[in-house]
Amino acid sequence: MPFSAESYFQTQTPPTTLQHDTDAVREFVQRQTRDGKKIVLVTSGGTTVPLELNVVRYLDNFSAGTRGATSAEYFLSAGYAVIFMHRQFSLQPFSRHYSHSTNPFLDFLEVEPPSPSDPDAVPRISVIKENREFLLRVLAAYRDAHSKGTLLTLTFVTINDYLFLLRAVSEQMASLGRRSMYYLAAAVSDFFLPTQRLSEHKIQSGKGSLQIEMDQVPKILKPLVSEWTREGFVVSFKLETDPKLLIPKARMALERYGHHVVIGNDLARRKFEVLFVSRVPRTVIDAGQSPTGPPIDSTIIEPVTDAPPTQSGADYTETWLILEEKDRNSVEIEEGIVDRLVKMHDAWIEAGPRIP
Ligand code: 9Z3
């Protein structure tokens, strides 16, 4: 019998930090609610599946955390409070600009020699001139988020940590009703080994090949959408490597879970092209709201023309969001993604009951 979400949570062990994290989220949600903020939960980075209880080996899911960390910054600048739930040591908002090995922090700095006329002077470290404007912008946004307390960071490593934490955070955010958004960019394992079948110690070699039978991870979007989040605006990501599968799999996710937006991305093209599949609620159209709004300058929105008709018909919007070729080294596609989602979310808030 495959695990349902319910049987999963009944039989698996919650992470030891769960209560502490839940308390932090409760306090954060209460404070942001008092300040009238919309809150977005951004999940980011890949989950692991340990193969042993005293873990030496694990399976990992691909994700550097760029999508989540970058998007979190754009949500903050759009006025959202952000719960950033990420894989330990994956990229984070603000520090992503310099902590990555392709952008080492020390390369931003230079040493000014002491003045020969002042015997007590010491060398000074400063930021290289051409990086100053950029770093000042990052620093200002970072300080702003810190002084206003609008960013809460949570950490997961395993798929088990992720599932328990996602449920706890969603339950705390439920009181926000339509003023909450779920931006599920973490790369989530599809298969796992239940604790009861995990080897306690390191699996020994020497017995030939290793065979492991894994269980399917329960489809967590289902209870998230229908039980935990009430009226939250839910955006999930679909990652494929076969371009032919992207549209059908993104549609299928939307059909199956009944949430608001699926963003499909092909692994090789994800930095400059994403697919938006959304179910535009009738109420939004009837209220005369544009569900998408115009694109920001550097992005092109193209209708999907090569997809077969949907089974259920009318209420789908399927479009590509593409970065213009000339902008691909200087603009981040997350700016366009977040811009679009904020407009859709506002239309969703506008069309429904304000606070439950
Ligand atoms: C994504 O598709 C993300 O956009 C990426 C971002 C992982 C490609 P990077 O962190 O990459 O910028 O390097 N996430 C995959 C989401 C996922 O696993 N979804 C699950 C599913 O479709 C559950 S919601 O089944």
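**View 1. The ligand and the residues around it.** In this predicted model, 16 residues surround the ligand, the closest being Ser 63, Thr 66, Arg 67, Phe 237 and Leu 239, where a residue counts as near a molecule if its C-beta atom, placed from the backbone, lies within 6 Å of it. Residues are numbered from 1 along each chain as its sequence is written. Because the model is predicted, local features need pLDDT of at least 70 and side-chain atom pairs count only at pLDDT 80 or more, whereas totals for chains, interfaces and linings use all residues.

**View 2. Elements and residue classes of the shell.** Helix 3 (66-77) and strand 11 (233-240) each contribute at least two residues to the shell around the ligand, and strand 11 gives the largest share, four residues; helices (H or I, at least four residues) and strands (E, at least two) are DSSP runs, numbered from the N terminus. The shell comprises eight nonpolar, five polar and three charged residues, with Ala, Val, Leu, Ile, Met, Phe, Trp, Tyr, Cys and Pro taken as nonpolar, Asp, Glu, Lys and Arg as charged, and the others, Gly among them, as polar.

**View 3. The ligand between two domains.** Domain 1 (1-105 + 123-203 + 212-231) and domain 2 (236-356) both give residues to the shell around the ligand, so the shell lies between them; these bounds come from an automatic or database domain assignment.

**View 4. Where the domains touch.** In all, 18 residues of domain 1 are in contact with 18 residues of domain 2, contact meaning that the C-beta atoms of two residues, placed from the backbone, lie within 7 Å. On the side of domain 1 that touches domain 2, helix 3 supplies the largest share, five residues.
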